[in-house]
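Good morning, colleagues. Please have the sequence and the structure open while I speak, as I shall move through several regions in turn.

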Amino acid sequence: MEALRQDDPRRFGPYTTLARVRESAVAVHFLARGADRDGLALVTAARPALASVPAFRRRFRSEARTAERLAGGPVPRPDVSPEGDGLWTATAYVPAVTLSEAIGLAGPLPERAVRVLGAGLAGTLSRVHASGAVFQGLAPGTVLVAEDGPRLTAFGPLGAAAHAEAREGGQLSVRLGYLTPEQVEGQEAGPASDLFVLGLLLAYAATGTTPLADGPAEEAAERIAHGSAELGSVPVGLRALIAGCLSKDPADRPTAGSVAAELAPEGAADRAQGGWLPAVLAAAVTDQAARARALEPPAGPVDDGPRVPPVEERTPTDAVPTGAALPDGGAPGHVVPPGGGHDGDPGEDSRTTRFLGTGARTPRSDRATAQLTLPEEVTNTAPPRLPAAGPPPAQPYAHPAFTAAPPALPAAAPPAAAPRTGPVTGRRALLTAVAAGAAGLVLGGAAVAALGSDGSASATTDEKPTAEPRPALPGRPPEPRWTYARPAKAPAPLTAGVWQDRLLVLTDTAGATAVDLRTGRKVWERADAAGAQSVLTAGEDLCFLAAPTEFLWLSPEDGRIRHRVRFADQFDGVPDMKVAPLTGQSGSVLWFTGSHTVTVRAPKPKKGKKRGKDTQVVKAYFFAYDVVRRKEVWRVAVPAGRAPGTPAYRLIAARKADLVVRQDAGTLTPADVRAGQGKAVFRCFDRTTGKPLWNRRFGTVAPGGAAAGDQEGRLFGAVGDDLGAFETGSGKPLWTLNGTASSVFGTPVAAGALLHTTNRDQEVGAVERATGKVLWRRSTEVPAGDGCPALTLSGSGRTLLAADASQVTAFAAADGRRLWKFQDIGAPAPEGAAVTAPYRVLATGKTSVVVQRERAFYAFPVE
């Protein structure tokens with residue numbers, strides 16, 4: 001503990017802060033006294049910059065509700081901050097040490113203590129599993145040892161991402177628990193996975209070491225999946241039970257309830273009565289409690305104003321203050337025991353524990369390692385201060401098998417001790433990445449930190465970089481072949497596209513830029529191509545850009561404009577044409593809508609009558625245009641849209657003989673909306689002549705609902721909570737994929753005989769296109785929000801990538817194996833605002849993809 005600092009809040013709701021316990025990359029932990037002045041509380045407050053991120057606020061509220069539902073016994077009930085009062089949780093203060101600290105202070109626990117520990121944890125797991133959730137991240141740093149029994153640190157409002165520690169080279173390692181055999185093999189984790197981890201934890205408590213977990217991370221993962229656990233040092237009375245928990249086959253492991261009953265038939269609480277801790281641990285807990293009770297509120301009036309200063313007034317620095325403990329293996333927030341150098345939280349913020357959700361379906365879990373990047377200043381801070389007297393601090397449990405090795409810094413990055421030549425990635429950018437923290441991530445912060453020079457990439461610069469091998473640890477993405485970022489002074493990109501698998505072409509309000517897809521180096525930049533909103537291919541030799549008033553053809557070699565066609569010159573009879581975003585392209589032909597306004601003169605009045613007023617009428621057309629021949633193929637008149645009148649069409653399917661489109665809901669006129677009665681109207685045109693063939697509704701697909709088509713004449717659309725397939729020729733339903741009340745399907749992607757699906761439950765899957773039979777379904781494990789992950793299939797068709805506002809998740813397209821996750825730390829704007837733009841994926845060739853997050857681009861090898 002240390003005294004409050006000048007700018008620390010003195011109040012959080014009804015809680016008066018007494019001391020600063022510690023701070024981590026995402027939160028500050030305070031010891032506080034409640035309104036009744038009798039009870040002590042642990043308040044965990046998110047840093048203001050993190051609290052300002054919408055995705056994190058949503059996750060905070062959602063996981064707080066989960067913690068409240070599961071509160072009771074060894075799970076403390078959190079008091080959660082009200083809206084508008086920052087983000088914080090408060091739980092009753094319980095003097096405790098983490099299990100890792102307990103082993104460091106007292107060595108292996110006696111058998112009776114292990115039984116009390118295991119029975120308490122197993123009882124909590126039994127409640128969790130009964131709710132339909134899977135508890136992930138059970139580890140020595142998330143278990144608290146208190147006088148009356150074990151406690152589990154919190155279930156998520158400040159989440160797993162808070163459990164972080166600085167590593168050499170500027171890395172911030174986030175441990176999200178132990179791996180299990182099924183996770184090593186790329187399978188889903190379920191309740192039985194928690195029992196495997198419990199077996200490892202009990203063996204650690206009984207012996208001070210963890211079976212299967214010695215040596216390099218890759219070797220440990222192999223032993224976890226296939227090796228035999230050495231339990232000779234485990235007490236005989238516990239050996240069979242722990243061996244059962246460590247069975248490779250999840251079906252052979254006991255249930256949590258049966259473990260609790262076998263370890264302590266009378267219950268963990270009863271067995272703990274009369275003292276269950278070794279003397280040294282009991283003394284540490286008692287001393288901790290005495291020192292906490294001795295604290296008094298600071299002198300002077302207590303400010304009842306805003307609880308947490310706004311972000312602009314309270315921006316965290318990039319360096320951890322001298323003397324502040326770096327995050328470690330303990331749980332956040334609890335008071336340091338005598339001679340202990342770690343902090344733990346008996347309350348809400350677990351740092352390693354995540355609840356993935358509750359409900360009828362068991363949530364899908366993921367791998368258990370993650371990495372972020374810290375600015376260099378963090379790794380150069382002084383070591384934590386130690387008490388003046390007492391034994392050395394207990395070391396946190398951090399076996400290499402459970403912490404992914406930091407990714408190598410890009411070749412172009414300066415040494416850790418050298419001064420940076422580009423902008424320093426601030427903690428605020430780091431917090432954006434931490435906010436969405438999910439198991440299995442490796443974040444691209446090391447690359448981002450080296451960016452800033454627009455003329456060079458931060459990684460591989462060879463002409464033909466080779467693909468990285470698949471990572472040895474599950475969940476870790478391959479190293480980017482290169483990274484590229486637009487400078488902060490340049491406008492944010494309007495769009496990005498791939499030309500002939502050779503160039504990444506970016507457009508913004510200042511011009512167009514081309515980046516070599518082999519090296520990540522900028523090739524050219526053209527200011528006279530500013531404002532283009534689409535990037536397409538125009539044959540083998542030219543790059544095509546569509547701007548609001550003209551079409552441009554650029555040389556891929558130097559960006560020079562070879563041809564320029566202004567709409568006013570090209571499209572006769574449509575003066576001052578306004579063009580909507582392009583509908584789509586197939587081959588050399590693209591389709592788009594345009595409109596213009598004409599004056600209709602009032603008819604000549606009858607004798608003795610006044611002449612009426614002229615009227616303005618919008619005329620709209622649907623065009624087909626050949627970008628290679630630079631020639632209009634056909635145009636057809638279509639109904640005008642909402643003012644200013646241009647209807648925007650989206651391509652649903654481009655087939656050999658026809659094409660199907662749907663008008664964007666935002667451009668429908670009020671009359672169209674009324675006529676549609678809540679259903680979308682799809683239009684079909686002859687591909688050769690543009691002749692309208694039919695207008696049709698399909699089931700109850702809404703005007704804004706997801707829809708896509710295939711070459712066999714099927715249309716797939718979101719029908720309420722379900723996904724339906726229809727025959728476009730007749731409108732006949734073919735099959736229905738049932739969802740849940742919250743699923744709401746997004747736009748699917750057809751690939752061969754499969755249809756890849758996505759929904760708002762953050763699930764990605766595959767079904768047979770012909771029958772709708774489900775082949776696999778997996779979760780991205782991003783907290784549910786308003787949108788669905790956007791799907792992109794790699795050029796080979798073997799990797800499916802799901803992108804949203806939080807991360808990119810890669811799956812094996814054939815069987816849904818979760819391959820890896822990626823999340824960058826964001827490039828802060830000059831004023832320090834965090835980047836919250838969603839991720840986007842562009843397929844480039846058969847073996848790579850480019851991931852975009854606003855100004856930052858990463859080229860990843862994929863299958």
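I begin with a turn. Strand 39 and strand 40 form a hairpin with four residues between the strands, and within this hairpin Q762 takes a positive phi near 65°. Please bear in mind that this is a predicted model.

The two strands of this hairpin, strand 39, residues 754–758, and strand 40, run antiparallel and are joined by five bridges. One pair to locate on your screens is L754, whose bridge partner in strand 40 is E768.

Let us stay with strand 40. How many of the six residues of strand 40 are buried? Five of them are, and strand 40, which spans residues 763–768, is thus described as mostly covered. Strand 40 is also joined to strand 41, residues 774–779, by five bridges, and these two strands run antiparallel. Here V764 has R778 of strand 41 as its bridge partner. A hairpin is formed by strand 40 and strand 41 as well, with five residues between them. In that turn, G772 has a positive phi of about 80°.

A further hairpin follows along the chain. Strand 42 and strand 43 have five residues between them, and G797 in this hairpin takes a positive phi near 80°. Strand 42 and strand 43, the latter being residues 799–803, are antiparallel and share four bridges. L791 stands opposite A802 of strand 43.

L791 also leads us to the next topic, the largest pocket. Which residues lie nearest the centre of the largest pocket? They are R650, L651, L791, T792 and R840, out of 47 residues that line the pocket. Its volume is about 1700 Å³. Several elements give two or more residues to this lining, among them strand 21 (534–538), strand 30 (649–654), strand 42 (790–793) and strand 46 (839–844). The largest share, five residues, comes from strand 17. As for chemical character, the lining divides into 25 nonpolar, 17 polar and five charged residues.

Strand 21, just named among the contributors to the pocket lining, belongs to an open sheet of four strands. The order in this sheet is 21-22-23-24, with antiparallel pairing. Why does one side of strand 21 and one side of strand 24 lack a neighbour in the sheet? Strand 21 and strand 24, residues 561–566, stand at the edges and have a single partner strand each, so one side of each is left without a neighbour. From one strand to the next, the twist averages 20°. Within this sheet, strand 23, residues 550–554, pairs with strand 24 over five bridges in the antiparallel sense. E550 of the pair stands opposite R566 in strand 24.

Two smaller points remain. V515 is found in strand 19, residues 511–516. Is V515 buried or exposed? V515 is buried, because its relative accessible area is 0%, and the cut-off for buried is under 20%. V515 and L503 are 12 residues apart in sequence, while their C-alpha atoms are 5.5 Å apart in space.

Finally, I turn to helix 9, residues 256–263. Its buried residues are A256, V259, A260 and L263. These four lie on the same side of helix 9, because they cover an arc of only 100° around the axis.

That concludes the presentation, and I thank you for your attention.

Key: Residues are numbered from 1 along each chain as its sequence is written. This is a predicted model: local features need pLDDT of at least 70, side-chain atom pairs count only at pLDDT 80 or more; totals for chains, interfaces and linings use all residues. Side-chain values use heavy atoms; hydrogens and water are left out. Buried means under 20% relative accessible area, exposed over 50%, partly exposed in between (1.4 Å probe, protein chains only). The arc is that of the directions from the helix axis to the C-beta atoms. On a 1 Å grid over the protein atoms alone, a cavity is a set of points where a 1.4 Å probe fits but cannot get out, and a pocket is an open set with protein on both sides within 12 Å along at least five of seven lines; lining residues have an atom within 4 Å of a point. Grid points are joined across faces, edges and corners, and a volume is the space filled by probe spheres set on the points. Ala, Val, Leu, Ile, Met, Phe, Trp, Tyr, Cys and Pro count as nonpolar, Asp, Glu, Lys and Arg as charged, and the others, Gly among them, as polar. Two strands pair if DSSP finds at least two bridges between them. Axes are lines fitted to C-alpha atoms, for helices over the stretch in contact, and angles run from 0 to 180 degrees between N-to-C directions.
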